[in-house]
Amino acid sequence: MSGIYASAGVDAGYHLLIVKGYSRTKEFFPTGENITSGHFVVGGHDWLLEYYPNGLDPSCADYISVYLTLPYDSDVDEEDVEVKFSFSLINQVEKQMPMYIRGTKTYSFSSSVPMWGISKFVRRDALEQSPDLISDCFTIRCDIMVCKDPKTKDDAGGTLPDIHQHFSNLLDDKLGADVAFEVGGETSAAHRCVLAARSTVFRAQLFGPMKEGTATSSIIQIKDMEAKVFRALLSFVYTDSFPEMYKDIMEENHMIDFEEQEQADEAVDDEMSEAVEPGQEEHEIWLQDLLVAADRYDLQRLKFICEKRLSECIGVNSVAATLALAEKHHCHGLKEACLEFIQVQSPSRLKRVMATSGWEHIITTYPSVLNEFIAKLIASRRK
């Protein structure tokens with residue numbers, strides 16, 4: 001299933017790859033083998049998607065890999081095609097917004113490099129524990145923007161008019177800003193009416209009984225939050241899109257071609273499979289802090305997105321801390337994902353989980369969570 005939506009400077013569209021019988025694809029297609037979608041057209045070019053149930057190569061064998069391919073006719077001298085694209089599971093609506101795709105890197109498809117994609121799109125165990133897998137089926141959406149004129153590839157995204165961009169510009173320009181916040185030694189200007197429209201907490205703080213500083217020159221102090229987290233929060237308030245910082249991180253970590261991935265992983269063996277990638281811990285902490293901020297200001301959609309992102313990057317070293325966070329902020333889905341992750345670990349990895357400071361925190365602060373975990377473990381062994 002495909003769709004087209006025209007925009008100035010680019011041709012844009014999307015294609016849905018519906019994977020039926022996921023467990024069978026995982027069983028019958030080993031690492032390196034793929035299932036290919038039918039051809040679809042965006043920007044006057046034929047495209048297809050390649051789905052690797054067990055990863056493109058051994059370095060990502062625990063993941064599903066997804067690639068966008070532009071088939072080239074070897075007998076025809078075709079020009080390079082400049083493209084921005086994004087993969088998402090069907091309910092990840094924030095990844096399907098024009099702003100998200102515009103924020104991604106521009107990739108050049110050519111006869112020598114006809115495919116680009118994500119080698120580590122989603123861990124199979126994470127997918128299997130998520131609500132995205134329904135009746136052994138799930139759907140991958142690929143959004144594509146093809147630059148009509150390669151010379152404008154770097155600014156084509158900026159020519160797409162939409163309300164998200166307008167509000168983003170309003171935040172950046174600070175035109176008419178009537179309130180300021182000081183967070184971590186940094187001051188951010190904003191608009192009371194926008195904040196109040198998006199958050200019940202901001203509404204009460206700025207216009208209700210708990211309002212602080214009615215003067216337009218007032219500065220509201222916010223404690224226990226980093227400046228970069230508050231900036232991300234404001235970005236979401238104005239654009240309703242997941243903050244740029246995390247999207248940039250995802251691009252740097254995942255939107256790389258196969259050759260780069262292969263070179264990066266040549267020295268990694270099985271014993272290091274759970275090692276934290278450079279910057280990965282910082283990214284998870286940033287996500288956790290953003291979830292806390294979203295809960296604090298009653299931004300439920302942002303909280304849900306953070307919860308979902310955290311559930312997709314659970315690891316042995318971080319699962320206990322994430323579980324404690326989920327319990328404290330009433331994130332049922334994230335909590336279930338953490339418990340299920342711990343439940344399927346080998347004895348040696350479970351020992352590593354229990355050796356983390358996060359596990360000690362759970363024991364002392366949320367002992368009821370241990371009872372839930374034990375109950376799940378017993379129930380699973382009875383099956």
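## Helix α7

Let's start with helix α7, which has 13 residues. In this predicted model, α7 reaches 18 Å from its first C-alpha to its last, close to the 18 Å expected at 1.5 Å a residue. Where does α7 sit? Eleven of its 13 residues are buried, so the helix is largely enclosed by the rest of the structure.

If you want to find the buried ones, look for A227, V229, F230, A232, L233, L234, S235, F236, V237, Y238 and T239. Just after α7 comes D240, and D240 takes a positive phi of about 60°.

## The nonpolar cores

Which residues have the most contacts inside the largest nonpolar core? They are F181, L195, F230 and L302, and the core has 56 residues. Helix α7 (residues 227–239) gives this core its largest share, eight residues. Apart from this core lies another one, of 31 residues, and W47, Y51, L89 and V122 are among them.

Now zoom in on L302. Leaving out residues up to four places away in sequence, L302 touches L233, F236, F242, P243, L290 and A294. Two of the names there should ring a bell: L233 and F236 are on the list of buried residues of α7.

## Two other helices

L302 is also one of the buried residues of helix α11. The others in α11 are K303, I305, C306, E307, K308, R309, L310 and S311. You can check the length of α11 (residues 300–312) yourself: at 1.5 Å a residue, its 13 residues should span 18 Å, and the end C-alpha atoms are 19 Å apart, which agrees.

The same kind of check works for α13 (residues 332–343). Its twelve residues should span 16 Å at 1.5 Å a residue, and the end C-alpha atoms are indeed 16 Å apart. The buried residues here are L334, K335, E336, A337, C338, L339, F341 and I342.

## Strand β5 and its partners

Over to the strands. Six of the eight residues of β5 (residues 45–52) are buried, so this strand is largely enclosed by the rest of the structure. Strand β3 (residues 35–36) runs antiparallel to β5, and two bridges join them. There, T36 stands opposite E50 in β5. Strand β4 (residues 40–42) also pairs with β5 in the antiparallel sense, over three bridges, and V42 stands opposite H45 in β5. The hairpin of β4 and β5 has two residues between the strands, and in it G43 takes a positive phi near 65°.

How many bridges join β5 to β6? Five do, and these strands run antiparallel as well. One pair to look for is Y51 with its bridge partner V66 in β6.

## A look at T69

T69 is found in strand β6 (residues 63–69). Is T69 buried or exposed? With a relative accessibility of 9%, T69 counts as buried, because the cut-off for buried is under 20%.

What does T69 meet? The side chains of T69 and E50 are joined by a polar contact of 3.3 Å. Not counting residues up to four places away in sequence, T69 touches D46, W47, L48, E50, P114 and M115.

## Strands β11 and β13

Here is a pairing that runs the parallel way: strand β11 (residues 179–183) is joined to β13 by four bridges. I219 in β13 is the bridge partner of A180.

Which way do the side chains of β13 (residues 219–222) point? They alternate along the strand. I220 and I222 point to one face and are buried, while I219 and Q221 point to the other and are not.

## Cysteines and a surface serine

A disulfide is a covalent bond between the sulfur atoms of two cysteines. How many does a search of the whole structure find? Zero. Take C313: the nearest cysteine sulfur is that of C338, 9.5 Å away, whereas a disulfide needs the two sulfur atoms within 2.5 Å. C313 is partly exposed, with a relative accessible area of 23%, and C137 is partly exposed too, at 25%.

Finally, S368 lies in helix α16 (residues 367–382) and is partly exposed, with a relative accessible area of 38%. S368 and E327 are 41 residues apart in sequence, and in space their C-alpha atoms are 9.8 Å apart.

How values were computed. Residues numbered from 1 in each chain as written. Predicted model: local features only at pLDDT ≥ 70, side-chain atom pairs only at ≥ 80, totals over all residues. Heavy atoms only, no water. Expected span 1.5 Å × (residues − 1). Buried < 20%, exposed > 50% of the residue type's maximum accessible area, 1.4 Å probe, protein only. Pairing = 2+ DSSP bridges. Core = buried A, V, L, I, M, F, W, Y, C linked by side-chain atoms within 4.5 Å. Contact = heavy atoms within 4.5 Å. Polar contact = N/O pair within 3.5 Å; in protein donor to acceptor, adjacent residues only side chain to side chain.
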